[in-house]
Amino acid sequence: MDLLNTLVDKGLRRELPTREEALAVLATSDDELLDVVAAAGKVRRQWFGRRVKLNYLVNLKSGLCPEDCSYCSQRLGSKAEILKYTWLKPDEASKAAAAGVAGGAKRVCLVASGRGPTDRDVDRVSRTIEAIKEQNEGVEVCACLGLLSDGQAGRLRSAGADAYNHNLNTSEGTYGDITTTHTYADRVETVQQAQAAGLSACSGLIAGMGESDADLVDVVFSLRELDPDSVPVNFLIPFEGTPLAKEWNLTPQRCLRILAMVRFVCPDVEVRLAGGREVHLRSMQPLALNLVNSIFLGDYLTSEGQAGQTDLDMIADAGFEVEGAGTTTLPEHRVPAGGGCGSHEGGCAPCGDTAAAGEKSVPAEVPAARTDLVAVRRRGAGTDLAPNA
């Protein structure tokens, strides 16, 4: 298949595909799916071998958010019956983080609901970072606290944070349909503030919110231009009690095509299989390891994932290995500069679009809603029960 040969060659050279090529990946048939996975797998192995980085989420503050992000169970007006609690104490967060590290996690992601942190919140998180690093030497810490104000990224960096996560989530053109209480530009600015402060930028997307193929390509091309070190790919978890509860648009095959497209566009970054993998990929999760080089271990913010040991067994059974603490995740050419989504020689301006690209992608058969797979988190941080790690 000429398309896949071209994409592999470009991926091995860190060359940006055209928009038409990215769209063509999403338009491939199920008969071609294994060929697509094999091609993107060559690019993944070129830059990351067979290593899988494990990340562990600690939800520092759950629910009660004033923002109206339609996909989020913690949003303003959400009726989802999730855990709600205020800030964990540093020792509580450190204890939760230690469970993830013991399970093999190399990075701990500290997340708090809300529009963005106050200066007092930054102080609180800084103490938490210091507590975690005292107990877990060498662990990476990523903060995800919402929109940052001037100087806050630098303070987090000084406290020992290694990275900052703030996702773009969807294309600029459709962002207003998903969220109205802040803008796409606000999100871009926060990622840039993190980069300017010397933090490794982590920014990704959510697929399955009713977007078109063109929207998916738009946001991934924007991420390529924004230049993060890691790109988490989330698949919408349609929580009952949220505006997108009825959006069941994904099949395992479509999820794999999306992951392959991300890998081709951002060949040498940490592509992370994030929230919703158990719900939408289901038994095809091991196949996705040929496309991504990073996953979350155990549970998510407000939903439960599969058992941590099951994650480890899946990695081993698929012929991959957990990335060790002493291994540098990113390829050598990316590390000295502190990040980037590959070579920018010639610029990253997207190529022209096709006439059909703006049309909604309609599956041949609408997948049945698997509400039985959406399990609200009832253990770990904010509870008296042991975490899943």
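**Entry 1: β1 and its partners**

I began with β1 and strand β9 (residues 294–296), and found that the two pair in the parallel sense over three bridges. Within this pairing I looked up K53, whose bridge partner in β9 is S294. I note here that I am working on a predicted model, and I keep that in mind for everything that follows.

I then followed β1 to its other partners. Strand β10 (residues 321–322) is joined to β1 by two bridges, and these strands run parallel; the residue that R51 faces in β10 is E321. Between β1 and β2 I found six bridges, again with the strands running parallel, and in β2 the residue opposite V58 is L110.

How many of the eleven residues of β1 are buried? I find that eleven of the eleven are, so β1 is largely enclosed by the rest of the structure.

**Entry 2: β7 and β8**

I turned next to β7 and β8, which pair in the parallel sense over four bridges, with V233 standing opposite L273 in β8. I also checked both faces of strand β8 (residues 270–273), and both are covered: E270 and R272 are buried on one side, and V271 and L273 are buried on the other.

**Entry 3: the largest pocket**

I looked up the largest pocket and recorded about 620 Å³ of space in it. The lining of this pocket consists of 34 residues, and those closest to the centre are K53, R107, E140, D162 and S200. I met K53 already as the bridge partner of S294 in β9. By class, I recorded nine nonpolar, 14 polar and eleven charged residues in the lining of the largest pocket.

**Entry 4: the cavities**

How many cavities of 30 Å³ or more are there? The count comes to two, and I took them in turn.

The largest cavity holds about 910 Å³ of space. I recorded 43 residues in its lining, with Y71, C72, V111, N167 and L301 nearest its centre. The elements that give two or more residues to this lining are β1 (51–61), β2 (107–112), β3 (140–144) and β7 (230–235), so-called strands that I had partly visited above. The residue classes of the lining of the largest cavity are 23 nonpolar, 15 polar and five charged.

For the second largest cavity I noted a volume of about 110 Å³. Its lining has 13 residues, and the closest to its centre are Y56, L57, R377, G380 and A381. Which element gives the largest share of this lining? I find that β1 does, with four residues. The classes in the lining of the second largest cavity are seven nonpolar, three polar and three charged residues.

**Entry 5: aromatic rings**

I searched for aromatic pairs, and the count comes to two. In the pair of Y175 and Y184, the ring centres lie 6.0 Å apart and the planes stand at 70°, so I enter this pair as edge-to-face. I checked the burial of Y175 and Y184, and both are buried.

The other pair that I recorded is F296 with Y300, which is edge-to-face, at 6.3 Å centre to centre and with 80° between the planes. Here too I looked up the burial, and both F296 and Y300 are buried.

I also looked for a charge over a ring, and I found the charged end of R50 sitting over the ring of F320, at 4.2 Å from the ring centre.

**Entry 6: positive phi**

Last, I examined the backbone at two residues. L64 has a positive phi of about 60° although it is not a glycine, and I located L64 in the loop between β1 and α4 (90–102). Is L64 buried or exposed? I find L64 exposed, with a relative accessible area of 63%.

R282, which is likewise a residue other than glycine, has a positive phi near 50°. I placed R282 in the loop between α11 (277–280) and α12 (285–288), and I recorded R282 as partly exposed, at a relative accessible area of 29%.

Conventions
Residues are numbered from 1 along each chain as its sequence is written. This is a predicted model: local features need pLDDT of at least 70, side-chain atom pairs count only at pLDDT 80 or more; totals for chains, interfaces and linings use all residues. Side-chain values use heavy atoms; hydrogens and water are left out. On a 1 Å grid over the protein atoms alone, a cavity is a set of points where a 1.4 Å probe fits but cannot get out, and a pocket is an open set with protein on both sides within 12 Å along at least five of seven lines; lining residues have an atom within 4 Å of a point. Grid points are joined across faces, edges and corners, and a volume is the space filled by probe spheres set on the points. Ala, Val, Leu, Ile, Met, Phe, Trp, Tyr, Cys and Pro count as nonpolar, Asp, Glu, Lys and Arg as charged, and the others, Gly among them, as polar. Rings of Phe, Tyr and Trp (its six-membered ring) pair if their centres lie within 6.5 Å; planes under 30 degrees apart count as stacked, over 60 as edge-to-face and the rest as tilted. Buried means under 20% relative accessible area, exposed over 50%, partly exposed in between (1.4 Å probe, protein chains only). A charge sits over a ring if NZ of Lys or CZ of Arg is within 6 Å of the ring centre and within 35 degrees of the ring normal. Two strands pair if DSSP finds at least two bridges between them.
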